[in-house]
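What follows is a short report for someone meeting this structure for the first time. Please look over the sequence and the model before reading on.

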Amino acid sequence: MFHRTVPPLAALLLLAAPALADGDPAAGEKAFRQCQACHVVRNDAGEVLAGRTAKTGPNLYGLHGRVMGAEQDFAYSEAFGEAHGNGHVWDEESFVAYVQDPAGYLEEVIGHKARSKMTFRLRKEQDARDIWAFIGTLD
C-alpha cells in the first residue's frame, strides 16, 4: 500500500508560505531597484545580497520580525526611537503601510505628529508586498 506523507521540510515551507503569500519575490527583486539608492541588504558576514553600498537608509537584512529602529549604527528619527521603545515590529502590513506613507505610518504608530527621514514613497501596494517577499528570501 502506498502512503503519501508530507516530508518535514515541505511541511515547514507550507507553514512559512503565508508570510510570503501576498508578494512575489522575483517581482520584488526588480522593484527593489527603487530602494537601492538608499538601502542595502548586507548579511552578518558583510556580503551584499541586494542593492549597493548605500548608507542613507538602514540595512534591511533581517528586517522580518525585527523591532523598528533596531539596526545598529544607524541614526533613526525621534519617531522611530519612540516606535522602537514601544516594541513595534516589522511585519508585512507595517512594511507596506510605511513605505507607502512613512510619516503617516509613524504618526499612526506613535500617536502624534511625526517626521520620517524616508521621503520616498512606493506608489504601488503590490510593489511593497513584492519587496517584502524578496527581502524575506535573503534573511
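In this predicted model, R66 has a relative accessible area of 15%, and because buried means under 20%, R66 counts as buried. R66 lies in the loop between β2 and α3. Leaving out residues up to four places away in sequence, R66 touches N59, L60, Y61, E71, H88, V89 and W90.

One of these partners, H88, is found in the loop between α3 and α4, and with a relative accessibility of 27% H88 counts as partly exposed. Residues up to four places away in sequence again being set aside, H88 touches R66, V67, M68, A83 and V109. H88 and G65 stand 23 residues apart in sequence, while their C-alpha atoms are 9.4 Å apart in space.

The loop between β2 (48-51) and α3 (78-85) is also the place of D73. D73 is exposed, with a relative accessible area of 82%, and D73 has a positive phi of about 60° although it is not a glycine. For comparison, most residues other than glycine have a negative phi.

The overall layout gives these loops their setting. The secondary structure of the protein chain comes to six helices and two strands, and from the N terminus on the elements run α-α-β-β-α-α-α-α. Of the 139 residues in the protein chain, 35% are buried. Among the contacts in the protein chain with a separation of 6 or more, 47% are accounted for by residues 24 or more positions apart.

I135, which lies in helix α6, has contacts of its own to follow. I135 is buried, with a relative accessible area of 0%, and once its neighbours within four places in sequence are left aside, I135 is in contact with F32, L60, L63, H64 and F95. I135 and A50 are 85 residues apart in sequence, yet 8.6 Å apart in space from C-alpha to C-alpha.

The aromatic rings come next. How many aromatic pairs does the count come to? The count comes to nine aromatic pairs. In one of them, the rings of F95 and W132 have their centres 5.3 Å apart and their planes at 40°, so the pair is tilted. This pair links distant parts of the chain, since F95 sits in helix α4 (residues 92-100) and W132 in helix α6 (residues 125-138), 37 residues apart. F95 is buried, with a relative accessible area of 6%, and W132 is buried as well, with a relative accessible area of 4%. Another pair, formed by Y98 and Y105, is edge-to-face, with 6.3 Å from centre to centre and 80° between the planes; Y98 and Y105 are both buried. Ring pairs join F74, Y76, F80, W90, F95, Y98, Y105 and W132 into a cluster.

Y98 and Y105 also take part in the packing of two helices. Helix α4 and helix α5 (residues 102-110) pack with their axes 5 Å apart, at an angle of about 130°, and that makes α4 oblique to α5. On the α4 side the contact is made by S94, A97, Y98, V99 and Q100, and on the α5 side by P102, Y105 and L106. These residues divide into six nonpolar, two polar and no charged.

Finally, the cysteines can be considered. A disulfide is a covalent bond between the sulfur atoms of two cysteines. The structure holds zero disulfides. C35 is in no disulfide, and the nearest cysteine sulfur, that of C38, is 8.7 Å away; because a disulfide needs sulfur atoms within 2.5 Å, this distance of 8.7 Å does not qualify. C35 counts as buried at 14% relative accessibility, whereas C38 is partly exposed, with a relative accessible area of 32%.

The table gathers relative accessibility values for several of the residues discussed.

| Residue | Relative accessible area | Class |
|---|---|---|
| I135 | 0% | buried |
| W132 | 4% | buried |
| F95 | 6% | buried |
| C35 | 14% | buried |
| R66 | 15% | buried |
| H88 | 27% | partly exposed |
| C38 | 32% | partly exposed |
| D73 | 82% | exposed |

Technical notes:
Residues numbered from 1 in each chain as written. Predicted model: local features only at pLDDT ≥ 70, side-chain atom pairs only at ≥ 80, totals over all residues. Heavy atoms only, no water. Phe/Tyr/Trp six-rings, centres within 6.5 Å; stacked < 30°, edge-to-face > 60°. Helix = DSSP H or I, 4+ residues; strand = E, 2+ residues; numbered from the N terminus. Buried < 20%, exposed > 50% of the residue type's maximum accessible area, 1.4 Å probe, protein only. Axes fitted to C-alpha atoms, helices over the stretch in contact; angles between N-to-C directions. Parallel < 35°, antiparallel > 145°, perpendicular 65-115°, else oblique. Contact = heavy atoms within 4.5 Å. Nonpolar A, V, L, I, M, F, W, Y, C, P; charged D, E, K, R; others polar.
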